[in-house]
Amino acid sequence: MTNEKRAEKLIQELGFNFDNISKANIIELLESEINNFQDGSSEYIRLLCGYLYCLGDISDIPLIKKAKYGINMDVGCMIDSEWLTSLENGGIEDSFTRSRVDLIRDFIDYYSNYSADDDF
């Protein structure tokens, strides 16, 4: 299964009701991806980090940073810096970071119609 398909499948399984998403499951999946990185999994890792951001626990900042800065530049560029800044500053909008509500809405908008490209 392609990494894009894995992302699509995860979105279908979890949806966007963040109150019903298991943080422990997301952490387990993300740690597995970091520890067993495979080329082309940037989108899947971004999705996992986005879910953690939307769940909103500041204790996840180190894991998101590990994914953003510890794998490679391609993965790092995929993970939104605003997610980290927002978690670090309590979701307060400033001149460099949009509000937490806007960031979550953008995440949902981006992934709501996400479809894997089967040509990969």
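## Charges over rings

A charge counts as sitting over a ring if NZ of Lys or CZ of Arg is within 6 Å of the ring centre and within 35 degrees of the ring normal. In this predicted model, Arg46 fits that description: Arg46 lies over the face of Tyr110, at 4.9 Å from the ring centre. Arg100 does something similar with another tyrosine, lying over the face of Tyr53 at 4.8 Å from the ring centre.

## Rings meeting rings

Now for the aromatic pairs. A pair of aromatic rings is described by the distance of the centres and the angle of the planes. Searching the whole structure turns up 11 aromatic pairs.

Take Phe16 and Tyr51: their ring centres are 6.5 Å apart and their planes sit at 20°, so this pair is stacked. Phe16 is in the loop between α1 (3-14) and α2 (23-35), while Tyr51 belongs to helix α3 (residues 42-55), so the pair links distant parts of the chain, 35 residues apart.

Is Tyr51 buried or exposed? At 0% relative accessibility, Tyr51 counts as buried. Phe16, at 23%, counts as partly exposed.

## Tyr51 and a second partner

Tyr51 also pairs with Phe18. Here the centres are 6.2 Å apart and the planes are at 65°, so the pair is edge-to-face. Phe18 lies in the loop between α1 and α2 and Tyr51 in helix α3, so parts 33 residues apart in sequence get tied together. With 15% relative accessibility, Phe18 counts as buried.

## The cluster

Which residues do ring pairs link into a cluster? They are Phe16, Phe18, Tyr51, Tyr53, Trp83, Phe107, Tyr110, Tyr111 and Tyr114.

Conventions
Residues numbered from 1 in each chain as written. Predicted model: local features only at pLDDT ≥ 70, side-chain atom pairs only at ≥ 80, totals over all residues. Heavy atoms only, no water. Phe/Tyr/Trp six-rings, centres within 6.5 Å; stacked < 30°, edge-to-face > 60°. Helix = DSSP H or I, 4+ residues; strand = E, 2+ residues; numbered from the N terminus. Buried < 20%, exposed > 50% of the residue type's maximum accessible area, 1.4 Å probe, protein only.
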